[in-house]
Amino acid sequence: MRHVISILMENEAGALSRVAGLFSARGYNIESLTVAPTDDPTLSRLTLVTMGSDEIVEQIAKQLHKLIDVVKLMDLNDYPHIEREMMLVKIDVQKQGACDVVKRISDIFRARIIDVGEKSYTVEVTGSRGKLDGFLQALHELRVVEVVRSGSMGIARGAIALNA
Amino acid sequence: MELTGAEIFVECLKAEGVDTVFGYPGGAVLYIYDALYKAQNEINHILARHEQGAVHAAEGYAKSTNKPGVVLVTSGPGATNAVTGIADAYMDSVPLVVFTGQVPRALIGNDAFQEVDIVGITRPCVKHNFLVTRLEDLAPTIKKAFYIASTGRPGPVLVDIPKDITQMTGEFSYPSEISIRSYNPTVKGNKRQVRRAIDLVLEAKRPMLYTGGGVILAGAAKELTEFTRLTGFPITNTLMGLGGYPATDPQFVGMLGMHGTFEANHAMHDSDLIVAIGARFDDRVTGNIEKFCPYAKIIHVDIDPATISKNVKVDVPIVGDVKNVLADLIEELRGRKQGVDPQQITDWWKQINEWRKTNCLSYNQQMDGPILAQYVVDKLWEVTGGDAFVTSDVGQHQMWAAQFYKFDQPNRWINSGGLGTMGFGLPAAMGVQIAHPDATVACISGDGSIQMCIQELATCLQYRLPIKIITLNNGYLGMVRQWQEFFYQKRYSMSYMEALPDFVKLAEAYGHVGMRIEKPGDVEGALREAMAMKDRLVFMDFITSAENNVYPMVPAGAGHNEMILV
């Protein structure tokens with residue numbers, strides 16, 4: 001099963017590679033990983049999406065917790081939560097009518113065109129994984145030049161929070 | 001007053017109460033060695049002959065004292081040579097603080113001479129590691145390193161110090177307290193779980209206590225003995241746990257696992273309650289996990305939550321320091337209206353005593369035949385009154401040492417269990433002897449293993465370490481040969497060493513006493529003669545039976561009740 005794990009860790013050199021190294025050393029897989037400092041600059045928040053049985057994910061959580069740089073973590077699957085991902089897509093618009101297609105589909109998906117060039121448009125779209133996949137599918141008649149996805153970020157609904 | 005980084009380093013060691021450092025100098029640590037030179041009355045530096053030897057010696061020191069071992073090596077090859085020892089300490093949860101020199105900060109990342117990213121290299125085999133990037137971080141980092149290494153589940157911590165930081169000067173103050181927000185090991189067991197555990201203990205008909213190295217590391221042998229006597233339960237130890245409970249006591253059923261006793265393994269298999277204490281269900285212990293303890297409920301006490309339900313799903317997990325939890329278990333059991341009724345396990349003991357009758361460790365030493373390794377270890381136990389510190393390398397001799405030297409005390413059996421590092425025994429014995437100058441320290445080794453850190457014989461001479469080396473020389477890499485005999489149709493691929501040195505001359509060349517023993521009738525006399533040489537290292541080369549195997553054995557993939565006896 002797919003699990004979304006949120007991790008608060010020390011914002012220190014090497015901390016990220018300890019997390020990534022743990023996954024490769026123990027043969028766990030990483031579907032996506034996204035990380036940045038929080039409002040407290042000494043802490044980084046990392047959202048990691050992994051696949052595994054409940055036993056494996058429990059073991060992953062314990063092993064992560066064992067890393068000295070990891071302050072706290074939560075498996076968001078244990079709570080109602082929201083997941084968001086951002087995608088930047090560069091689309092070839094040289095084909096007749098391509099600009100209109102991009103504009104129409106962007107409207108439908110509430111995406112934004114953030115760069116306009118002679119040959120290409122770049123669109124920013126945010127949402128669940130499924131929405132981003134759907135956006136790309138909707139563009140199938142056009143040539144997609146480049147796709148950049150941030151990987152999932154997650155947060156629990158309601159008052160539940162992951163704080164140091 | 002301002003001190004140099006190197007002087008601050010030395011002051012930190014003093015503040016931590018470090019009396020001994022094992023190491024090897026080099027370019028990146030010259031300032032530190034200069035500061036150590038000035039502090040030599042307070043800190044004893046032991047110069048190994050290879051960095052791997054220095055780390056194993058520190059492990060021997062740590063394993064025999066439960067104090068952190070301290071290592072100092074230079075950058076580059078000095079650091080990489082230490083990696084095997086660090087990985088060994090990680091697998092066996094040995095508290096170590098390893099200091100490596102690093103090239104000056106300005107050169108880091110430039111492929112400088114003797115530069116290596118040792119923090120990156122060791123990341124998967126340390127409890128934690130640090131690169132010191134500012135002088136003001138040096139003292140707090142050292143404080144953290146000792147704290148992390150020696151608390152919770154112990155382990156090696158590496159501190160990488162760039163050379164320029166050891167040269168520059170700054171104010172020194174050593175933090176008296178340290179707290180790390182992301183590191184708070186659970187040391188007290190959950191009371192409710194303790195009560196649940198005792199409920200199961202009181203109901204069990206076929207209980208087994210299965211205890212490991214965690215008991216030794218926690219200094220909990222006394223509590224374990226009390227709990228075992230209180231319950232009357234049979235007890236088995238893992239390889240790492242030997243000495244946690246007196247091996248000569250009738251409740252002890254021997255080691256378990258691949259080369260454990262028939263009675264210990266059968267009792268594990270048939271048990272209805274396993275109380276696992278400071279043990280981690282390692283594959284060499286469990287055999288085929290699918291066939292492991294099919295009838296048992298399992299209580300697991302360990303300080304590391306990640307070991308719980310890692311390999312085997314447990315029913316009652318108790319996270320905490322083994323010493324505390326054992327004390328709680330004892331208190332809870334004593335507090336009950338009724339303790340364990342001996343009647344409840346009478347039939348179980350009858351069954352265990354039946355299994356014992358197979359006498360699975362018996363061997364037949366013909367006095368006109370070749371020496372059997374088992375006989376040598378038996379005699380060593382007799383001659384030393386069971387009171388020696390025994391280190392070993394890895395292989396058949398290690399298993400025979402574990403089976404036949406009956407350890408009655410903790411911290412006496414010093415071996416490489418998890419990583420299985422050949423070359424561990426001799427340097428580890430140095431660390432033990434330095435920590436216990438008046439004790440008898442025996443290193444049981446093989447003709448293969450002893451050559452892997454043989455250079456340390458020079459260190460032994462320099463510091464007059466009167467270690468007794470017992471090499472069980474069968475001319476083979478015995479455990480490899482045994483597996484090839486059993487599972488590879490006797491194709492002895494690369495397990496025979498055609499050229500062995502003359503160990504007697506070798507020992508003499510290093511300034512020690514060498515003996516070769518070829519007849520069973522000479523074994524005891526030779527051991528007595530060697531033990532009488534209190535101030536000399538004696539290298540005893542026992543020429544033993546070439547095709548002797550370690551029995552009993554649980555073959556790979558088999559269950560505990562599927563042992564090969566002879």
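A residue is called buried here if 20 or more other C-beta atoms lie within 10 Å of its own. By that criterion, buried residues make up 27% of the 164 residues in chain A. The structure is a predicted model, with an ipTM of 0.92 and a pTM of 0.96. For chain B the average pLDDT is 97, and 100% of the residues score at least 70. Where pLDDT is low, predicted coordinates should not be read in detail.

The description begins with chain A. This chain has four helices and nine strands. Read from the N terminus, its elements follow the order β-α-β-β-α-β-β-α-β-β-α-β-β. Along the principal axes, the C-alpha atoms of chain A fill a box of roughly 55 × 35 × 35 Å. Among the contacts in chain A with a separation of 6 or more, 71% join residues that are 24 or more positions apart.

The domain assignment divides chain A into domain 1, covering 2–78, and domain 2, covering 82–153. The C-alpha centres of domain 1 and domain 2 of chain A lie 29 Å apart. Where the two meet, six residues of domain 1 of chain A are in contact with five residues of domain 2 of chain A. On the domain 1 side, strand S2 (32–37) and strand S3 (43–51) of chain A are the elements that give two or more residues. S2(A) gives the most to this side, with three residues. By class, the domain 1 side has three nonpolar, three polar and no charged residues.

Chain A also touches chain B. This contact takes 15 residues from chain A and twelve residues from chain B. On the chain A side, helix H1 (15–25), helix H2 (54–66) and strand S4 (70–75) of chain A each supply at least two residues. The classes are evenly represented on that side of chain A, with five nonpolar, five polar and five charged residues.

Attention now turns to the sheets of chain B. Strands of a sheet pair through backbone hydrogen bonds, either parallel or antiparallel. One open sheet of chain B has six strands in the order S3-S2-S4-S5-S7-S6, and its pairing is parallel. Strand S3 (44–47) and strand S6 (128–131) of chain B stand at the edges with a single partner strand each, so one side of each has no neighbour in the sheet. From one strand to the next, the twist in this sheet averages 20 degrees. Strand S2 (residues 20–23) of chain B is joined to S3(B) by four bridges in the parallel sense. Within this pair, B:Thr20 has B:Asn44 of S3(B) as its bridge partner. Helix H7 (residues 135–150) of chain B packs on the sheet, where it touches strand S5 (96–102), S6 and strand S7 (156–162) of chain B. The direction of H7(B) makes about 165 degrees with that of S7(B).

Another open sheet of six strands in chain B has the order S11-S10-S9-S12-S13-S14, again with parallel pairing. Its edge strands are S11 and strand S14 (316–319) of chain B, each of which pairs on one side only. The twist here averages 15 degrees from one strand to the next. Strand S12 (residues 273–277) and strand S13 (residues 297–302) of chain B run parallel and are joined by five bridges. In this pairing, B:Ile274 stands opposite B:Ile298 in S13(B).

A single residue gives a view from inside this second sheet. B:Thr236 lies in strand S10 (residues 235–237) of chain B. Is B:Thr236 buried or exposed? B:Thr236 counts as buried because it has 27 C-beta neighbours inside 10 Å. Beyond its neighbours within four places in sequence, the contacts of B:Thr236 include B:Met208, B:Tyr210, B:Val253, B:Met255 and B:Met268. B:Thr236 and B:Ala276 are 40 residues apart in sequence, and their C-alpha atoms are 9.8 Å apart in space.

The last element to consider is helix H17 (residues 396–404) of chain B, which is mostly covered: nine of its nine residues are buried. Among them are B:His397, B:Trp400 and B:Phe404. The cover over the buried residues of H17(B) includes strand S11 (252–255), helix H16 (373–383), strand S15 (389–392), strand S17 (441–446), strand S18 (468–473) and helix H20 (478–487) of chain B. Strand S11 of chain B thus appears in two settings, as an edge strand of the second sheet and as part of the cover of H17(B).

Definitions and conventions
Residues are numbered from 1 along each chain as its sequence is written. Chains are lettered from A and ligands numbered from 1 in the order in which they are written. This is a predicted model: local features need pLDDT of at least 70, side-chain atom pairs count only at pLDDT 80 or more; totals for chains, interfaces and linings use all residues. pLDDT is the predictor's confidence in each residue, from 0 to 100. Two residues are in contact if their C-beta atoms, placed from the backbone, lie within 7 Å. Ala, Val, Leu, Ile, Met, Phe, Trp, Tyr, Cys and Pro count as nonpolar, Asp, Glu, Lys and Arg as charged, and the others, Gly among them, as polar. A residue is buried if 20 or more other C-beta atoms lie within 10 Å of its own, exposed if 12 or fewer, and partly exposed in between; C-beta atoms are placed from the backbone. Domain bounds come from an automatic or database domain assignment. Two strands pair if DSSP finds at least two bridges between them. Axes are lines fitted to C-alpha atoms, for helices over the stretch in contact, and angles run from 0 to 180 degrees between N-to-C directions.
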